[in-house]
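User: I've got this model open and I'd like to know what stands behind the labels on it. Can you go through them with me?

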Amino acid sequence: MPRLLCFTAHPDDEAGAFGGTLLRCATRGVETHVVCLTPGQAATHRGGAKSDEELAAVRRREFAASCQMLGVSHGAVLEYPDGKLDRQDFYAVVDDLTRHIRQIRPQVIMTIGPEGGVTAHTDHSMAAIFATMAFHWAARSNRYAEQLHNGLAVHQAQKLYYVTALFTLADRQPISLSPSTTTVELEPQELETKISAFKCHASQAPLFPYFEATVRKRGRAELFHLAASATPHRSQSETDLFAGIKG
Ligand SMILES: [Zn+2]
């Protein structure tokens with residue numbers, strides 16, 4: 001069975017950055033997994049929550065509702081602290097993400113780009129870097145070998161994608177985006193479901209008008225950069241993350 005694993009930093013990234021592609025893959029029979037590294041407890045918009053713990057609980061529920069709308073087979077929110085991914089133990093976080101890859105055994109992994117996406121958020125950059133190393137190291141028997149003594153086997157995912165864009169935001173820090181190799185053109189209804197999934201994150205409601213306006217203005221495509229492939233080949237343009245996937 002085809003399996004897709006998406007690593008994100010915050011609840012709402014799964015809808016805002018990957019929603020259409022997650023939905024498309026689920027519709028086509030792909031088992032889809034989202035692993036979100038933080039519960040988003042440091043968000044500017046608090047939705048009336050009185051503490052970080054309360055906001056984290058609210059955002060976990062919002063994430064679950066969004067994942068359900070997008071047909072995600074399994075969504076998980078990890079316990080890393082929002083806003084502090086750059087201050088975590090690198091080796092330990094990659095250990096954790098490597099374990100997820102070896103358990104889920106996806107053919108395709110997607111995450112944010114190391115630039116941090118169009119928002120340039122530091123957590124996005126770190127999620128990308130952790131996920132990138134986990135993609136590579138999950139395949140190697142000399143990395144986190146102790147996992148292999150506990151029932152897990154090495155796993156080489158076939159492709160790693162970074163979500164990317166053809167624009168930058170004027171009011172953000174400078175970013176250098178990865179070139180697009182892969183265009184997932186959404187059907188009108190898929191775009192509407194993506195926007196609705198983003199709106200499951202009611203604590204972030206002040207973001208809705210800007211998000212919706214930006215998404216509608218930029219067209220229906222979600223763009224990706226093929227960052228690594230288990231099969232060496234020249235770059236080519238694609239419309240499907242599972243193009244050329246075996247098994
Ligand atoms: Zn985010």
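User: What makes His10 and Asp13 count, buried or exposed?
Analyst: Keep in mind that this is a predicted model. His10 and Asp13 are both buried, and that label is given because the relative accessible area is under 20%.

User: What makes a residue a donor of the zinc ion here?
Analyst: Distance and atom type. A donor is an N, O or S atom within 2.8 Å of the metal. ND1 of His10, OD of Asp13 and NE2 of His124 lie 2.1 to 2.2 Å from the zinc ion, so they qualify under that cut-off. Along the sequence, the spacing of these donor residues reads H-x2-D-x110-H.

User: Why is Phe90 called partly exposed?
Analyst: Its relative accessibility is 34%, so Phe90 gets the partly exposed label. The label covers values between the 20% and 50% cut-offs. Phe90 sits in helix α4, residues 90-104.

User: And what makes up the nonpolar patch on the surface?
Analyst: Phe90, Tyr91 and Ile129, which together have about 260 Å² of accessible area. Patch members need over 30% relative accessible area, and the 34% of Phe90 is over that, so Phe90 can be a member.

User: Why is Pro106 called buried?
Analyst: Pro106 has 0% relative accessibility, so it counts as buried; the cut-off is under 20%. You'll find Pro106 in the loop between α4 and β4.

User: Which residues is Pro106 in contact with, leaving aside neighbours within four places in sequence?
Analyst: Arg3, Leu4, Leu5, Ile101, His155 and Ala157. Contact here means heavy atoms within 4.5 Å. As for Gln156, 50 residues from Pro106 along the chain, the two C-alpha atoms are 8.5 Å apart.

User: Why is strand β5 said to be largely enclosed by the rest of the structure?
Analyst: β5 spans residues 159-164, and 6 of its 6 residues are buried, so the description follows. Lys159, Tyr161 and Val163 point one way, Leu160, Tyr162 and Thr164 point the other way, and all are buried.

User: How do you know that β5 pairs with β4 and with β7, and in which sense?
Analyst: Count the bridges: two strands pair if there are at least two between them. β4 (residues 108-111) and β5 have 4 bridges, in the parallel sense, with Ile109 opposite Leu160. For β5 and β7 (residues 221-229) there are 6 bridges, in the antiparallel sense, and Val163 has Phe224 as its bridge partner in β7. Both counts reach the cut-off, so both are pairs.

How values were computed:
Residues numbered from 1 in each chain as written. Predicted model: local features only at pLDDT ≥ 70, side-chain atom pairs only at ≥ 80, totals over all residues. Heavy atoms only, no water. Buried < 20%, exposed > 50% of the residue type's maximum accessible area, 1.4 Å probe, protein only. Helix = DSSP H or I, 4+ residues; strand = E, 2+ residues; numbered from the N terminus. Donors = N, O, S within 2.8 Å, 3.2 Å for Na, K, Ca; no water. Patch = residues over 30% accessible without salt bridge, like charges linked within 9 Å, V, L, I, M, F, W, Y side chains within 5 Å. Areas by Shrake-Rupley, 256 points an atom, 1.4 Å probe, with all protein chains shown as cover. Salt bridge = Lys/Arg side-chain N within 4 Å of Asp/Glu carboxyl O.
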